[in-house]
Amino acid sequence: MISLTHTPQWRALAAHRDTLATAHLNELFAADPQRFARLSLCCGDLLADFSKQRLTAETLALLVQLAEARDLAGFLRRMTAGEAINATENRAALHIALRAERPYQVGGEDVLPGVLATRARIRELSDAIRSGSWRGSGGEPITAVVNLGIGGSDLGPRMATQALGAYADPKLTVRFVANIDPAEFADTVRDLDPARTLFIVSSKTFTTQETLANARAAKAWLGDADPARHFIAVSNNIAAAQAFGIPAGNCLAMAEWVGGRFSMWSAIGLPLACAIGMDAFEELLAGAREMDEHFLTAPYAENLPVLMALVGLWNIDFLGAESLAVIPYAHRLSLLPAYLQQLEMESNGKRVTLDDEAVGCATAPILWGMAGSVGQHAFHQLFYQGTRLTPIDFVVPVGDANPEQEALVANALAQSAAVMKGKTLEEATNQLLAAGKTPAEAARLAPHLVCPGNQPSTTLLTQKLTPHALGSLIALYEHKVAVQGCLWGVNSFDQWGVEHGKQMAREILPKMLSGEGQFDASTTGLLTAIRAWRKP
């Protein structure tokens with residue numbers, strides 16, 4: 001395939017960008033009173049407003065032409081057919097099948113029966129734990145579930161468990177441990193009773209260093225308790241789980257075609273199902289499924305995940321944005337940025353295409369953020385007066401009409417309007433004069449109040465933070481990432497850089513313990529300092 005940056009569609013977008021180079025968002029709104037109507041889209045639980053992005057309807061039309069030229073339709077056909085679109089690992093990437101109610105095939109085999117069987121098993125186990133019928137080895141009912149996993153085996157269910165805390169059973173505590181630092185495990189179990197605690201060991205390979213270290217810590221903390229009553233494993237390496245002491249009857253399998261960061265819909269979601277109940281978990285799946293059907297059937301110009309992907313590519317590759325801030329105006333969504341960091345940066349933080357060529361353009365942005373309105377008192381200053389172009393996704397569950405919620409939503413809307421509109425020197429001067437400053441004082445201070453504005457943002461509204469709405473929201477970002485990977489020509493479903501880091505850690509650890517080994521000068525110096533500090 002021709003290099004992305006050499007396509008006529010790319011060149012047309014570059015020329016179009018030059019025509020918009022001096023346009024301010026204020027001018028675009030003034031020129032088109034129907035801008036919001038033209039550049040917003042409703043899809044199920046979500047309303048997406050792209051009108052504060054630095055683009056026009058013509059921009060979107062040109063971006064859609066780019067998607068068509070990059071054979072996005074062919075990519076979607078291959079994905080839904082269960083082909084090995086994860087080419088470097090020769091695997092399908094069929095996470096949409098995890099929330100499906102219709103057949104999907106991988107290698108000529110319908111995977112739906114297995115998906116439904118796993119879903120039934122999740123219901124059976126979560127119902128037993130929530131009802132109190134699952135008892136520890138001493139006969140006490142389980143009152144705490146602790147998930148041991150990392151990356152995709154932690155971030156998704158951890159984020160969703162917090163996000164849907166309003167649906168949680170207060171009689172059951174559900175917590176998560178990911179860090180190999182023993183402090184996290186110690187802090188997590190400090191107030192728990194071993195006789196009433198169940199651990200879920202979530203590791204696709206059952207070889208993940210951090211997860212196994214925490215599983216061993218859990219076994220030691222449980223003492224003489226029967227592992228069959230206090231451990232469940234989610235893995236596709238059942239033999240390794242059994243060798244650890246977890247009986248096969250306590251193991252839930254993961255299919256090879258389920259990527260870690262796309263796996264919260266699978267048995268990896270068991271801790272979430274324990275927290276909110278399987279009926280609510282099914283609603284989460286239904287919300288994602290609704291977004292899947294929209295994604296696979298809607299024309300690109302009316303397709304929410306495709307438009308999200310195209311707007312992101314425009315900001316990164318044509319406007320030069322290096323990061324994306326995600327600001328959820330909901331405390332329970334405070335882990336959403338951390339979840340999306342893995343989803344976006346591990347998926348598309350790549351520099352080589354599937355044709356083994358250099359990408360030739362910027363790929364995944366640095367994703368960051370925190371919950372509003374807290375972020376307004378931390379980093380929004382950079383949005384207003386910093387020197388960087390920083391696109392923002394404002395995620396806003398509207399909620400019920402009460403003073404506190406109204407204040408939260410008002411802050412979200414005010415922030416998105418303010419970073420777009422900015423404040424001119426004249427406006428700043430008049431503000432200071434109105435506050436009683438002398439003309440000289442106003443002239444001196446006014447430049448410090450000027451805000452250029454013109455920061456691009458997308459606002460995503462949902463009526464309430466329900467399981468269905470959360471499912472739609474997460475599926476939206478999943479599909480956005482896959483579309484961008486297709487356009488850039490990278491494999492969004494592997495993570496060889498992560499594997500390199502793991503390999504380096506495995507090499508350094510035994511040599512660090514033994515005091516042997518040859519490393520670069522920096523690592524050698526650091527190891528020398530560490531050994532010196534650890535001498536008796």
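What is the volume of the second largest cavity? In this predicted model, the second largest cavity has a volume of about 50 Å³. Its lining is formed by L46, L333, V395, V396, P397, L460, L461, T462, L465, A469, L470 and L473. Three elements, β12, β13 and α20, each give two or more residues to this lining. By class, 11 of the lining residues are nonpolar and one is polar, while no charged residue takes part.

This space is one of two cavities of 30 Å³ or more that a search of the whole structure finds. The largest cavity holds about 150 Å³ of space. It is lined by 17 residues, of which G312, N315, L324, D393 and K480 are the closest to its centre. At least two lining residues come from each of α14 (304-318), β10 (323-328), β12 and α20. Helix α14 provides the largest share of the lining of the largest cavity, with five residues. The lining of the largest cavity divides into eight nonpolar, six polar and three charged residues.

From the cavities the description passes to the open pockets. The largest pocket has a volume of about 930 Å³. Among the 35 residues of its lining, T205, T208, Q495, E499 and K502 are the closest to the centre. Three helices, α9 (209-222), α15 (336-348) and α21 (496-514), each contribute at least two residues to the lining of the largest pocket. Of the elements involved, α21 gives the most, with five residues. The lining of the largest pocket comprises nine nonpolar, 16 polar and 10 charged residues.

The second largest pocket contains about 460 Å³ of space. It is lined by 26 residues, and those closest to its centre are M1, L354, D355, C486 and G489. Two or more lining residues are given by each of α5 (72-80) and α20 (467-488). Helix α20 gives the most to the lining of the second largest pocket, with three residues. This lining holds 14 nonpolar, six polar and six charged residues. Helix α20 thus recurs across several linings: it supplies residues to the second largest pocket, to the largest cavity and to the second largest cavity.

Charged side chains form a further part of the picture. Side chains of opposite charge can pair when their charged atoms come close. How many salt bridges does the structure hold? The structure holds 27 salt bridges, and three of these pairs are described below.

In the pair formed by R17 and D18, the side chains meet in a salt bridge with an N to O distance of 3.4 Å. Are the partners buried or exposed? R17 counts as partly exposed because its relative accessibility is 25%, whereas D18 is exposed because its relative accessible area is 51% and the cut-off for exposed is over 50%.

A second salt bridge joins the side chains of R123 and E282 at 4.0 Å, N to O. This pair links distant parts of the chain, since R123 belongs to helix α6 (residues 112-131) and E282 to helix α13 (residues 278-297), with their positions 159 residues apart in numbering. R123 has a relative accessibility of 28% and therefore counts as partly exposed. E282, at 24% relative accessibility, likewise counts as partly exposed, because the partly exposed class begins where the buried class, under 20%, ends.

A third salt bridge is formed by the side chains of D400 and K464, at 3.1 Å from N to O. Here too the pair links distant parts of the chain: D400 lies in the loop between β12 (392-397) and α17 (403-421), and K464 lies in the loop between β13 (457-462) and α20, 64 residues apart. At 46% relative accessibility, D400 counts as partly exposed, and K464 counts as partly exposed at 38%. Beyond single pairs, salt bridges that share partners join R119, R123, D279 and E282 into one network. The R123 and E282 pair described above is a salt bridge whose two residues both belong to this network.

Key:
Residues are numbered from 1 along each chain as its sequence is written. This is a predicted model: local features need pLDDT of at least 70, side-chain atom pairs count only at pLDDT 80 or more; totals for chains, interfaces and linings use all residues. Side-chain values use heavy atoms; hydrogens and water are left out. On a 1 Å grid over the protein atoms alone, a cavity is a set of points where a 1.4 Å probe fits but cannot get out, and a pocket is an open set with protein on both sides within 12 Å along at least five of seven lines; lining residues have an atom within 4 Å of a point. Grid points are joined across faces, edges and corners, and a volume is the space filled by probe spheres set on the points. Helices (H or I, at least four residues) and strands (E, at least two) are DSSP runs, numbered from the N terminus. Ala, Val, Leu, Ile, Met, Phe, Trp, Tyr, Cys and Pro count as nonpolar, Asp, Glu, Lys and Arg as charged, and the others, Gly among them, as polar. Buried means under 20% relative accessible area, exposed over 50%, partly exposed in between (1.4 Å probe, protein chains only).
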